[in-house]
Structure formats: C-alpha cells, structure tokens
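Trainee: Could we go through this structure together, one question at a time, with the reasoning set out before each answer?

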Amino acid sequence: MIRTRTDAVWIAAFALLVAFAVPWFLWRNATVVAGLPLWLWWHIGWMVLASATFYAFARGGAWERGVDAGVIRRG
C-alpha cells in the first residue's frame, strides 16, 4: 500500500494529538489560571484542537483514505 503525502500529514497530526494528550511536563505544576489548574486548561485546549482536527479529517474528504478503505458496502 503506497501512502501519499496527505496520508503522511494525517498520520503525523494524529500521532501528535496522541503524544501530547497527557501533559507530562505539567505534572507537579501548581500554577492556577482563572481559578483552574494549568493542566486543566491544557486539557480543555487540547480537546478543542483534537475536535478541530477530527472535524477537518471527516469533512476534508480524508475519511475515505483510511477509515472505510476496503469496506464492502451492501444494499
């Protein structure tokens, strides 16, 4: 199976989402911003970024590139 540049970009994007989903570098950091710990703000921002990435993946036509490739549809 030959991967295109677009496939490589999506693979990298999702790998980064997974790699930075848990803010290891903020552990033991007691900084509070607007009444919430900094790690919680990181999580909120990361979920917004992940949602935008998944939206772009689904709406951008990339869904067929890997999710349902090879699926036989009946009916």
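Mentor: Helices (H or I, at least four residues) and strands (E, at least two) are DSSP runs, numbered from the N terminus. This is a predicted model, in which local features need pLDDT of at least 70 and side-chain atom pairs count only at pLDDT 80 or more, while totals for chains, interfaces and linings use all residues. Residues are numbered from 1 along each chain as its sequence is written, and side-chain values use heavy atoms, with hydrogens and water left out.

Trainee: In what order do the elements of the protein chain run from the N terminus on?

Mentor: The protein chain holds 3 helices and 2 strands. Read from the N terminus on, the order of these elements is α-β-β-α-α.

Trainee: How do H1 and H2 pack, roughly parallel or roughly antiparallel?

Mentor: Axes here are lines fitted to C-alpha atoms, for helices over the stretch in contact, with angles from 0 to 180 degrees between N-to-C directions. The axes of H1 and H2 lie 11 Å apart, and the packing angle is about 160°. Because angles under 35 degrees count as roughly parallel, over 145 as roughly antiparallel, 65 to 115 as roughly perpendicular and the rest as oblique, H1 is, relative to H2, roughly antiparallel.

Trainee: Which helix gives the most to the nonpolar patch?

Mentor: Patches are made of residues with over 30% relative accessible area and no salt bridge (a side-chain nitrogen of Lys or Arg within 4 Å of a carboxyl oxygen of Asp or Glu); like charges are joined within 9 Å, and nonpolar side chains (Val, Leu, Ile, Met, Phe, Trp, Tyr) within 5 Å. Val33, Trp41, Ile44 and Val48 make a nonpolar surface patch of about 330 Å², where accessible areas come from the Shrake-Rupley method with a 1.4 Å probe and, for residues, only the protein chains shown count as cover. With 3 residues, the element that gives the most is helix H2 (residues 38-59).

Trainee: Is valine 48 buried or exposed?

Mentor: Valine 48 is found in helix H2. Buried means under 20% relative accessible area, exposed over 50%, and partly exposed in between (1.4 Å probe, protein chains only). Since its relative accessibility is 56%, valine 48 counts as exposed.

Trainee: What is the phi of arginine 28?

Mentor: Most residues other than glycine have a negative phi. Arginine 28 is found in the loop between helix H1 (5-19) and strand S1 (32-33), and is exposed, with a relative accessible area of 89%. Its phi is positive although the residue is not glycine, with a value near 65°.
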